[in-house]
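Q: Hey, I've just opened this one and don't know my way around yet. Can you walk me through a few spots?

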Amino acid sequence: MDLAEEAYPEPVRLTGASRDGHLSIRGGSSGIGVQLEELTAGAEKLEALAGDLAAVEQEAGRILDQLCWADRQPPWSASGHIAAVRDGQWRVQASRAELQRISCQVRACMRDYQDAEWRANVGRSLGIAAMTETGLSWGTMAATGVPDRRVTENVIAMMQLAAPQVQAVNEHAPLIRDALMALVATFIPRQITLRKQETVQVDLDTSPAGLLARLQEVEARGAGAIEVLEVDNGGEKAYVVIVPGTQAAGKDAGGDNPFDEAGIVESMLYNSREVNEAVRAALDEAGAEKGASVVAVGYSQGGIHAMNMAADPRVLKQYDVKYVLTAGSPVAGIQTREDVESLHLEHQADWVPGSDGAANPETRNRVTVSVDTPIESGGDKGLGPGHRLGGYQDAARLVAASDDPSLVHSTAVLGGVLGAGGAATATRYSLTRAKGPSTTLAPPDPRAHERHLGGR
């Protein structure tokens, strides 16, 4: 057995995650974070009921006092009407006290959980988790040559803590600062031209695995390709936008392919501004009317664009983005509306989803699935074997077969938007980025530092 197959000898359990075979599931309708929100709401309802019972208890006491005064009898009298009111007051009092006791216990459990989470986050902030998980992930790193998601996420988070020190270095190192400014200037988003290639009929599998299969076909079409699928779901038309992952351009990054390395910068720093405009134009050209339901699907960089699309007011003004499917994408920092469902697939051996330094939020409308299936070794590793699209297709099949409540709900929402699948119209486009001042990442000029200092 090679090292890659030994990378995860034991299931990797995530904080707040449920477990189903090789899948760790966070968020969604059965996520612990969501359940805590429901517990909070439940505790508040219990307290409100206890308040109502307290008012009833008080009113029963007032009636008892009036009866005793009118009959000139003490509250402990055995008279039937007085005893009935007195016993009723006691029962209300006991029920009110029980509701308050349960509410206090619920809130105590929540405080214990939140305290445990706080302590765990402190450990992550101090690098304890990163150091521990680096040791746990040594098998994967030795087999693949790259860190895994857990290590990357924690190390990036630690680097973010050092931001003030980085800023200080930049202030005192004009050469570094000028080089970074030149780099970002090269990557500033530029207008994207949309060109229609063809419209064909396809047989569409609307499951997560089927949509990732479409993604694989789009990737095979070459640089800058996207696809818009028109689906007839019981007389209602819905649309699927397929966005590929990063298409490496090397030293020519920032050229005419909007999905090259510069596209990562646009997606993470500029909210996919130009890509979203191109997607809007593609949907319009494909016949999507205003208010049409849209599903966005993306792999790696494409997943960031897909989530940005679901969070872009310009897109949402024209279309109803209902669902987002991402695979191997760092999307923790992108917030969508509560009515947008999303499913995020991550492999434990894939460092890319952790490159934003944070775990995805655990909310009712976002489900994150972390997979720890054995990874294949050998061949072209690219960004690491854990990042392969084929591996995410396998993960999507496991998702479809799972009976985890969060996954069942998420895939049901997707099926509700797209239907059972079948014949669909695929319109294929090619995207081209406008030329910029430079499409080559030239090394920094060593004389720049002298010019900055006035030639001294």
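**A first look around**

A: Sure, let's start with a loop: Arg72 sits in the loop between helix 1 (32-71) and helix 2 (80-125). Keep in mind that this is a predicted model.

Q: Is Arg72 buried or exposed?
A: Arg72 is exposed, with a relative accessible area of 77%.

Q: What's odd about the phi of Arg72?
A: Arg72 has a positive phi of about 55 degrees, although it is not a glycine. Most residues other than glycine have a negative phi.

Q: Which other residue that is not a glycine has a positive phi of about 55 degrees?
A: Ser300 is one. You'll find Ser300 in the loop between strand 6 (293-299) and helix 11.

Q: And is Ser300 buried or exposed?
A: Ser300 counts as buried, at 5% relative accessibility. The cut-off for buried is under 20%.

Q: OK, switching to helices. How do helix 9 and helix 11 cross?
A: Helix 9 covers residues 261-269 and helix 11 covers residues 301-311. Their axes come within 9 Å and cross at roughly 30 degrees. That makes the two helices roughly parallel, since angles under 35 degrees count that way. The crossing of helix 9 with helix 11 is left-handed.

Q: Which residues make that contact?
A: From helix 9 you have Gly263, Ile264, Ser267 and Met268. Helix 11 brings in Gln301, Ile304, His305 and Asn308.

Q: How many of them are nonpolar, polar or charged?
A: Three residues in the contact of helix 9 with helix 11 are nonpolar, five are polar and none is charged.

Q: Let me zoom in on Ile264. What does Ile264 touch?
A: Leaving out residues up to four places away in sequence, Ile264 touches Thr246 and Gln301. Ile264 itself belongs to helix 9.

Q: How many residues apart along the chain are Ile264 and His305?
A: They are 41 residues apart along the chain, and their C-alpha atoms are separated by 9.0 Å.

Q: What's the relative accessible area of Ile264?
A: Ile264 has 30%, so it is partly exposed.

Q: Now another pair. Are helix 8 and helix 13 roughly parallel or roughly antiparallel?
A: Roughly antiparallel. The axes of helix 8 (residues 208-220) and helix 13 (residues 389-401) cross at roughly 165 degrees, and angles over 145 count as roughly antiparallel. Those axes come within 8 Å, and the crossing of helix 8 and helix 13 is left-handed.

Q: Who's in that contact?
A: Helix 8 supplies Pro208, Ala209, Leu212, Ala213, Leu215, Gln216 and Glu219. On the helix 13 side there are Leu389, Tyr392, Gln393, Ala396 and Arg397. By class, the contact of helix 8 with helix 13 has eight nonpolar, two polar and two charged residues.

Q: Time for the strands. What order do they have in the open sheet?
A: The open sheet has ten strands in the order 1-2-9-8-7-6-5-4-10-3, with mixed pairing. Strands of a sheet pair through backbone hydrogen bonds, either parallel or antiparallel.

Q: Which strands stand at the edges?
A: Strand 1 (18-20) and strand 3 (192-204) do. Each has a single partner strand, so one side of each is left without a neighbour in the sheet.

Q: What does the twist average?
A: From one strand to the next, the twist averages 20 degrees.

Q: Last one: in what sense do strand 2 and strand 9 pair?
A: Strand 2 (residues 23-27) and strand 9 (residues 366-371) pair in the antiparallel sense, over five bridges. To see where they line up, find Leu23, which stands opposite Val371 in strand 9.

Note on methods. Residues numbered from 1 in each chain as written. Predicted model: local features only at pLDDT ≥ 70, side-chain atom pairs only at ≥ 80, totals over all residues. Heavy atoms only, no water. Axes fitted to C-alpha atoms, helices over the stretch in contact; angles between N-to-C directions. Helix = DSSP H or I, 4+ residues; strand = E, 2+ residues; numbered from the N terminus. Parallel < 35°, antiparallel > 145°, perpendicular 65-115°, else oblique. Left-handed = near helix turned anticlockwise from the far one by under 90°. Contact = heavy atoms within 4.5 Å. Nonpolar A, V, L, I, M, F, W, Y, C, P; charged D, E, K, R; others polar. Pairing = 2+ DSSP bridges. Buried < 20%, exposed > 50% of the residue type's maximum accessible area, 1.4 Å probe, protein only.
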